[in-house]
Amino acid sequence: MADGHSHGGGSSVPVLLSLSVFSRPTTVPAGSGYEVLIQKFLSIYGPQVDVHRKFLMQVFSEEWGQYIDLPKSFTISEKCRLRLVPLQTDITTLGNISPATTAFFCCDMQERFRPAIKYFGDIISVGQRLLQGARILGIPVIVSEQYPKGLGSTVQEMDLTGAKMVFPKTKFSMVLPEVEATLAEMPGVRSIVLFGVETHVCIQQTALDLIGRGYEVHIVADATSSRSMMDRMFALERLARTGILITTSESVLLQLVADKEHPKFKEIQNIIKASAPESGLLSKTPELKKRLILIPTISKL
């Protein structure tokens, strides 16, 4: 069964994972929690899981003879049966976003990364556009800084005025308890627009944690990068295969206003009047670009 205590030692625990009419035995490390189990479900049932829906995880209780709900704080300590139950929600599966249901996550755009990250100047430029658009449209912005004592604060070019939250972290993922508490204060938010560095580390882990919690995630490809273009492009490919939406800054901003008659359209139009820099996405890696364009997403399988 599952309890609230982690059992160390690196041992594996047998679990039976069920989804709809499917059941499959597997193992997870002792002490595994919600995020590990969500990823295990995705790795096993991939095409059957609509990542745009919210889910409830349950464990079979011998005492009650039926499945019971589990809190996200539980960990696996011994053999058990788990199932993932999709909940009915009004979350779109089409990738539509609106200012009222969207938050922006800006990840680790810090000074010490400037000389190391490919196309960092371009990423800063595009990030500025997104932050400006968020202020114009009243979209909440959550900003993380990875170990700022050693890596410095967010670069000065990026104006964080009005950001709902700026927090330090050592974990790669931005999804920390304080961030979850802030999101809980915004129950209308269903979509997260995510950008920053590094694509294959903090962006990837943040995105996977967010979809595991039922959010729709939009990664802005021209506003995220890594030290290596190979890591950047393969991370975007992997994330697209899990149902995360890979998009661009101009696409996001225009989708948020949606109509030329929107009262803020002219202000958004001014932001995108000059095309965003392509930050190496097109000219440097044609084969990877082709792979990224052609890959299917879970919702289309």
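## Exercises on a predicted model

S279 lies in the loop that runs between α8 (265-272) and α9 (286-294), where helices (H or I, at least four residues) and strands (E, at least two) are DSSP runs numbered from the N terminus. The model is predicted, so local features need pLDDT of at least 70 and side-chain atom pairs count only at pLDDT 80 or more, while totals for chains, interfaces and linings use all residues. Residues are numbered from 1 along each chain as its sequence is written, and side-chain values use heavy atoms, with hydrogens and water left out.

**Exercise 1. Decide whether S279 counts as buried or exposed, and find which residues it is in contact with.**

Step one is the accessibility: buried means under 20% relative accessible area, exposed means over 50%, and partly exposed lies in between (1.4 Å probe, protein chains only). With a relative accessibility of 1%, S279 counts as buried.

Step two is the list of contacts, a contact being heavy atoms within 4.5 Å. When neighbours within four places in sequence are left aside, S279 is in contact with Y119, D122, I123, D222, M229 and R232.

Step three is a distance: S279 and A223 stand 56 residues apart in sequence, and their C-alpha atoms are 8.3 Å apart in space.

**Exercise 2. Work out the order of the strands in the open sheet, and say which strands are at its edges.**

Begin with the pairing rule, by which two strands pair if DSSP finds at least two bridges between them. The open sheet has 6 strands, in the order β10-β9-β8-β11-β12-β13, and their pairing is parallel. The edge strands are β10 (165-169) and β13 (245-247), each of which pairs on one side only. From one strand to the next, the twist averages 25°.

Next, follow some of the pairs. Strands β9 and β10 run parallel and are joined by 5 bridges, and Q146 has K169 as its bridge partner in β10. Between β8 and β9 there are 4 bridges, again in the parallel sense, with V143 in β9 as the bridge partner of C106. Strand β11 (residues 191-197) is joined by 6 bridges to β12 (residues 216-225), and the two run parallel; here V193 has H218 in β12 as its bridge partner.

Finally, place a helix on the sheet. Helix α5 (residues 199-212) packs on it, touching β8, β9, β10, β11 and β12, and the direction of α5 makes about 165° with that of β11.

**Exercise 3. Find which residues lie on each side of β9, and which faces of β10 are covered or uncovered.**

In β9, V141, V143 and E145 lie on one side and I142, S144 and Q146 on the other, and all of them are buried, so both faces are covered. Since 6 of the 6 residues of β9 are buried, this strand is largely enclosed by the rest of the structure.

In β10, by contrast, M165, F167 and K169 make up a covered face, whereas V166 and P168 make up an uncovered one.

**Exercise 4. Describe how α5 is placed against α1 and α6, and how α7 is placed against α8.**

Two packed helices are described by the angle between their axes and the distance between the axes. The axes are lines fitted to C-alpha atoms, for helices over the stretch in contact, and angles run from 0 to 180 degrees between N-to-C directions. Angles under 35 degrees count as roughly parallel, over 145 as roughly antiparallel, 65 to 115 as roughly perpendicular and the rest as oblique.

For the first pair, the axes of α1 (residues 34-45) and α5 come within 10 Å and cross at roughly 85°, and α1 and α5 are therefore roughly perpendicular to each other. Their contact brings Y34, E35, I38, Q39 and L42 of α1 together with L208, D209, I211 and G212 of α5.

For the second pair, the axes of α5 and α6 (residues 229-241) come within 9 Å and cross at roughly 15°, so that α5 and α6 are roughly parallel to each other. Among the residues of α6 that meet α5 is R232, which is also in contact with S279.

For the third pair, α7 (residues 249-257) and α8 pack at an angle of about 175° with their axes 10 Å apart, and they are therefore roughly antiparallel to each other. The contact is made by E250, L253, L254 and V257 of α7 with F265, I268, I271 and I272 of α8.
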